[in-house]
Amino acid sequence: MKALLLTEGSSSIGHGHITRCLSLYQAFETLGHEPFLLVAGDSSVESLLKDKNHRVFDWHKNWKTLIENIEDYNVVVVDSYLASEEFYQEISKRVKRKLYIDDYKRIDYPSGIVLNGGVYAHELAYPQKKGLKYLLGPRYIPLRSAFWKVKRRNIRQKAKRILITFGGDDSRNMTPKVLKSLKENFKDLEFLVVVGKGFRNVEEIRALADRQVRVFEGLNAEGMRELMLLADITISAGGQTTYELARIGTPAVLVAVAENQLLNCKGWHNTGFALYTGWWEDKDIIEKVILYTESLMDYKVRERMAKVGKKTVDGKGALRVVKELTKD
């Protein structure tokens, strides 16, 4: 089948939607289908899309032209915070197999399949409607193929390394703030710091690199997976990365840096996999990061959290979704 994946991303809004769609793209390819990515974005997205069948094009502004050719595809996937309800209605009318990726009941979706792989998804009370099917919860969370099968890891008695990752852009400048405080409070630990493609504070972060701090730039999915396996604890934003961390079983201390991360952060906190510190602007946010990180020095606490994460996310979500979309 020919599958069209429509999404958006940029240095200003981040790349989380693209990452999800890349996960489905890999699943479509693995299962013998022909995916194509159409991404509304800037130059920062090109490196993510290399070696993929894609076009960077503002389909939001040109969706009526796009709709005229939409029937060339057997399957259409939409992952967007910007697409209009009218656009979804037109997709629903013209395409037999359609999937809408949602995070917070953004609109009243037409007939098709709604995917929300969030750990909180079942709490949203989606409306039951004829012709509308839901794939809800982490069983369906699309992860990149590097996370489909992972090594078994042992939890160290004594923590040695902390991973710091704040997404593709770190628009809130949290990485250097968190790193400086952690260095002061955990002088015997090593820090693995991820710099994303949209970071504007790279030089500030590089200046903090020393024998205790290793900075990693331009990592692919395999590189992120290996860092997660190396780390004992992660300080992270509350987006898609949390599901990859759960899959690996690396306990997380979470900081919400965007409104759409709040449900996710609270949901993970409630499962017992992660500790949610609060909103990035809270006056005591750094103090909470230090306090919660200190609590994770306890081996038994980390062991328990790792088990919850691995039990919650098995890595097969993207394949499940594509099988559901393409079945007879």
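Is asparagine 173 buried, partly exposed or exposed? I started here, keeping in mind that this is a predicted model. At 25% relative accessibility, asparagine 173 counts as partly exposed, since the buried class stops under 20% and the exposed class begins over 50%.

**Entry 1: two odd phi values**

I stayed on asparagine 173 and placed it in the loop between β8 and α5. Its phi is near 60°, a positive value in a residue other than glycine.

I then went to alanine 125, where phi is near 50°, again positive and again in a residue other than glycine. Alanine 125 sits in the loop that links β6 (112-116) to β7 (132-136). I looked up its accessibility too: a relative accessible area of 58% makes alanine 125 exposed.

**Entry 2: α5 on α10**

Next I followed the chain from asparagine 173 into α5, residues 174-185, and looked at its packing on α10, residues 285-295. The angle comes out at about 50°, and the axes are 10 Å apart. The two helices are therefore oblique to each other, given that roughly parallel needs an angle under 35 degrees and roughly perpendicular runs from 65 to 115. I noted the crossing of α5 and α10 as right-handed.

Which residues of α5 meet α10? I listed Met174, Lys177, Val178, Ser181, Leu182 and Asn185. On the α10 side they meet Ile286, Val289, Ile290 and Thr293. Sorted by class, the residues of this contact are six nonpolar, three polar and one charged.

The spacing made me jot down a reminder. An α-helix has 3.6 residues a turn, so residues three or four places apart point the same way.

**Entry 3: α1 on α12**

For a second helix pair I took α1 (residues 16-30) and α12 (residues 317-326). They pack at an angle of about 60°, with axes 9 Å apart. That angle makes α1 oblique to α12. The crossing of α1 and α12 is right-handed.

From α1, the contact uses Ser23, Leu24, Ala27, Phe28 and Thr30. From α12, I wrote down Ala318, Leu319, Val321, Val322, Leu325 and Thr326. How many charged residues are in the contact of α1 with α12? There are no charged residues, with eight nonpolar and three polar ones making up the contact.

**Entry 4: α7 and its cover**

I moved on to α7, residues 221-230, which is mostly covered, with seven of its ten residues buried. The buried ones are Ala221, Gly223, Met224, Arg225, Leu227, Met228 and Leu229. I noted that Arg225 is on that list.

What covers the buried residues of α7? The cover includes the strands β8 (161-165), β9 (190-195) and β10 (213-217), along with helix α8 (241-248).

I also checked the start of α7. There, a side-chain oxygen of asparagine 220 comes to within 3.3 Å of the backbone nitrogen of glutamate 222.

**Entry 5: α4, two residues compared**

In α4 I picked serine 92 and glutamine 89. Serine 92 belongs to this helix, which spans residues 85-94, and glutamine 89 lies in α4 as well. Serine 92 counts as buried at 11% relative accessibility, whereas glutamine 89, at 33%, counts as partly exposed.

Leaving aside neighbours within four places in sequence, I found serine 92 in contact with Lys98, Tyr100, Pro110 and Ser111. Besides Ser92, the buried residues of α4 are Phe87, Tyr88, Glu90 and Ile91. Among the elements covering them are β1 (2-9), α3 (63-68), β4 (75-79) and β5 (97-101).

I took one distance from glutamine 89. Alanine 209 is 120 residues from it in sequence and 51 Å from it in space, C-alpha to C-alpha.

**Entry 6: glycine 309**

My last stop was glycine 309, in helix α11 (residues 299-312). Is glycine 309 buried or exposed? Its relative accessible area is 0%, so glycine 309 is buried. With neighbours within four places in sequence left aside, glycine 309 is in contact with Ala246, Arg247 and Phe273.

I closed with a distance back towards α5. Glycine 309 and proline 176 are 133 residues apart in sequence, and their C-alpha atoms are 27 Å apart in space.

Conventions:
Residues numbered from 1 in each chain as written. Predicted model: local features only at pLDDT ≥ 70, side-chain atom pairs only at ≥ 80, totals over all residues. Heavy atoms only, no water. Axes fitted to C-alpha atoms, helices over the stretch in contact; angles between N-to-C directions. Helix = DSSP H or I, 4+ residues; strand = E, 2+ residues; numbered from the N terminus. Parallel < 35°, antiparallel > 145°, perpendicular 65-115°, else oblique. Left-handed = near helix turned anticlockwise from the far one by under 90°. Contact = heavy atoms within 4.5 Å. Nonpolar A, V, L, I, M, F, W, Y, C, P; charged D, E, K, R; others polar. Buried < 20%, exposed > 50% of the residue type's maximum accessible area, 1.4 Å probe, protein only. Polar contact = N/O pair within 3.5 Å; in protein donor to acceptor, adjacent residues only side chain to side chain.
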